[in-house]
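Visitor: I would like a close look at a single part of this model, with the cut-offs behind each term spelled out. Please take one helix and follow it outward to whatever lies around it.

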Amino acid sequence: MSTDARLALITRPGCHLCDDAREALARVVAVTGDRWTERDVTDDLELEREYGDRLPVVLLDGKEHGYWRVEEERLLRDLTTPQL
């Protein structure tokens, strides 16, 4: 995973919710200017074990932000709110 990307999307091929999540993340980063990476669970057994039942999963700064659907407003808020 790229070190400069705050967001990661954990996916699987053929997952229609993953397609929706990609589109949602594209809308979010169009506003914030952030970058995101994608990781396929079929390439990583550890990811498959952790997230396989709840794909797609969005990670923000390495922590789970949500799964199945991207909560765009919440993600925008969390990306733009200064960390204390």
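Guide: What follows is a description of helix H1, with its criteria given along the way. The model is predicted, so local features need pLDDT of at least 70 and side-chain atom pairs count only at pLDDT 80 or more, whereas totals for chains, interfaces and linings use all residues. Residues are numbered from 1 along each chain as its sequence is written, and side-chain values use heavy atoms, with hydrogens and water left out.

Helices and strands are DSSP runs numbered from the N terminus, a helix being H or I with at least four residues and a strand being E with at least two. Helix H1 spans residues 16–32, 17 residues in total, and from its first C-alpha to its last it reaches 25 Å, close to the 24 Å expected at 1.5 Å a residue; the expected span is 1.5 Å times one less than the number of residues.

Which residues of H1 are buried? They are Leu17, Cys18, Ala21, Ala24, Leu25, Val28 and Val29, where buried means under 20% relative accessible area, exposed over 50%, and partly exposed in between, with a 1.4 Å probe and protein chains only. These buried residues lie on the same side of H1 because they cover an arc of only 130° around the axis, the arc being that of the directions from the helix axis to the C-beta atoms. An α-helix has 3.6 residues a turn, so residues three or four places apart point the same way. On the other side of H1, His16 and Ala30 are exposed.

The buried residues of H1 pack against three elements, namely strand S1 (7–11), strand S2 (36–40) and helix H3 (72–80), with contact meaning heavy atoms within 4.5 Å. Just after H1, Gly33 takes a positive phi of about 80°.

Turning to the surroundings of the strand S1, Ala5 sits in the segment before S1 and is buried, with a relative accessible area of 12%. Not counting residues up to four places away in sequence, Ala5 touches Arg35, Trp36 and Thr37. The C-alpha atoms of Ala5 and Glu72 are separated by 17 Å, although these residues are 67 residues apart along the chain.
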